[in-house]
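Let's look at how labels in a structure are earned, one question at a time.

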Amino acid sequence: MDGDIPRYSKHQLVKRYCLLGIGLFIMSIGIAMSKRAGIGTTPISCIPATMSFFTPISMGMLTFLFNAFLVVIEILILGKQFQKIQILQVIMGFVIGALTDVSLAIFSFIEPGSYAEQWFWCILSCMILGFGVMLEVRANVLVAPGEGVVVAFVTRFKIPFPRMKVISDSTMVASAVVMSILFTGGLNGVREGTIFAAVVLGFIVGFYRNRFGDRIDRLLE
């Protein structure tokens, strides 16, 4: 499976894991803002966000459980090809979940009073989330479960990564829509903001990568 942890010195690893932690916290802020915006979260977060509307479990805990589920899928798909180091994705999922609950508490004051305000917070959440994703990817020490499951299918079935990413995101969104309609009678956690995030997030990450990627790499070295 792609996404092996490269060999770094201890000093480099400390810096890279610190960067990963910062990236995950910033990502959790973006996730929390998108939830508070009320017009849908990103594809990777829409299932936990939707389930939080009809279960007593917090979105952070649901995020952890969903990420753990994705790691299980990776193991089932790859079998012996699954690299043991990638089990750390479960810990990564727990950190993301815990930070998401913290961020939801911090930004509990966000209560959009109009549709325009909802879009303001949705767009801002994408800008923040994109920066966090860029830092997480730049740290280059672990593959996030959402990406790991895509890589697993790519490795096992030789499907091009962009196509598999679209399939993965579409499946998550469709699943969230079905659950939301069945259990809440409407669309909660997955709406037009979800589609917006799916379309623009990659461009936002690319923008940050082009502007800050080389500087971050020099700091890490």
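**Charges, rings and helices**

The charged end of Lys35 lies over the ring of Phe53, 5.1 Å from its centre. The model is predicted, so local features need pLDDT of at least 70 and side-chain atom pairs pLDDT 80 or more, while totals for chains, interfaces and linings use all residues. Residues are numbered from 1 along each chain as its sequence is written, and side-chain values use heavy atoms, with hydrogens and water left out.

Q: What makes the charged end of Lys35 count as sitting over the ring of Phe53?
A: The rule asks for NZ of Lys or CZ of Arg within 6 Å of the ring centre and within 35 degrees of the ring normal. The charged end of Lys35 is 5.1 Å from the centre of the Phe53 ring and is placed over that ring.

Q: Why is the pair of Trp119 and Phe196 called edge-to-face?
A: Rings of Phe, Tyr and Trp (its six-membered ring) pair if their centres lie within 6.5 Å; planes under 30 degrees apart are stacked, over 60 edge-to-face and the rest tilted. A search of the whole structure finds 11 aromatic pairs. For Trp119 and Phe196 the centres are 5.3 Å apart and the planes are at 85°, so the pair is edge-to-face.

Q: How do you know that this pair links distant parts of the chain?
A: Trp119 is in helix 5 (residues 115-139) and Phe196 in helix 8 (residues 192-220), 77 residues apart. Helices here are DSSP runs (H or I, at least four residues; strands are E, at least two), numbered from the N terminus.

Q: Why is Trp121 called buried while Phe120 is called partly exposed?
A: Buried means under 20% relative accessible area, exposed over 50%, and partly exposed in between (1.4 Å probe, protein chains only). Trp121 has 17%, so Trp121 is buried. Phe120 has 49%, so Phe120 is partly exposed.

Q: What makes Asp217 and Arg138 a salt bridge?
A: A salt bridge needs a side-chain nitrogen of Lys or Arg within 4 Å of a carboxyl oxygen of Asp or Glu. The side chains of Asp217 and Arg138 meet at 2.8 Å, N to O, so the rule is satisfied. Asp217 lies in helix 8 and Arg138 in helix 5, so this pair ties together parts that are 79 residues apart in sequence.

Q: How do you know that Asp169 and Lys165 form a salt bridge, and where do they lie?
A: Their closest N and O atoms are 3.6 Å apart, so they satisfy the 4 Å rule. Both residues are in helix 7 (residues 161-184), four residues apart, about one turn of the helix. An α-helix has 3.6 residues a turn, so residues three or four places apart point the same way.

Q: Is Asp169 buried or exposed?
A: Asp169 has 18% relative accessibility, so Asp169 counts as buried. Its partner Lys165, at 29%, counts as partly exposed.

Q: What makes Glu192 and Arg191 a salt bridge?
A: Their closest N and O atoms are 3.0 Å apart, so this pair also satisfies the 4 Å rule. In total, the structure holds three salt bridges.

Q: How do you know that the span of helix 3 agrees with what is expected?
A: The expected span is 1.5 Å times one less than the number of residues. With 20 residues, helix 3 (residues 59-78) should span 28 Å, and its end C-alpha atoms are 28 Å apart, so the values agree. Just after helix 3, Gly79 takes a positive phi of about 60°.
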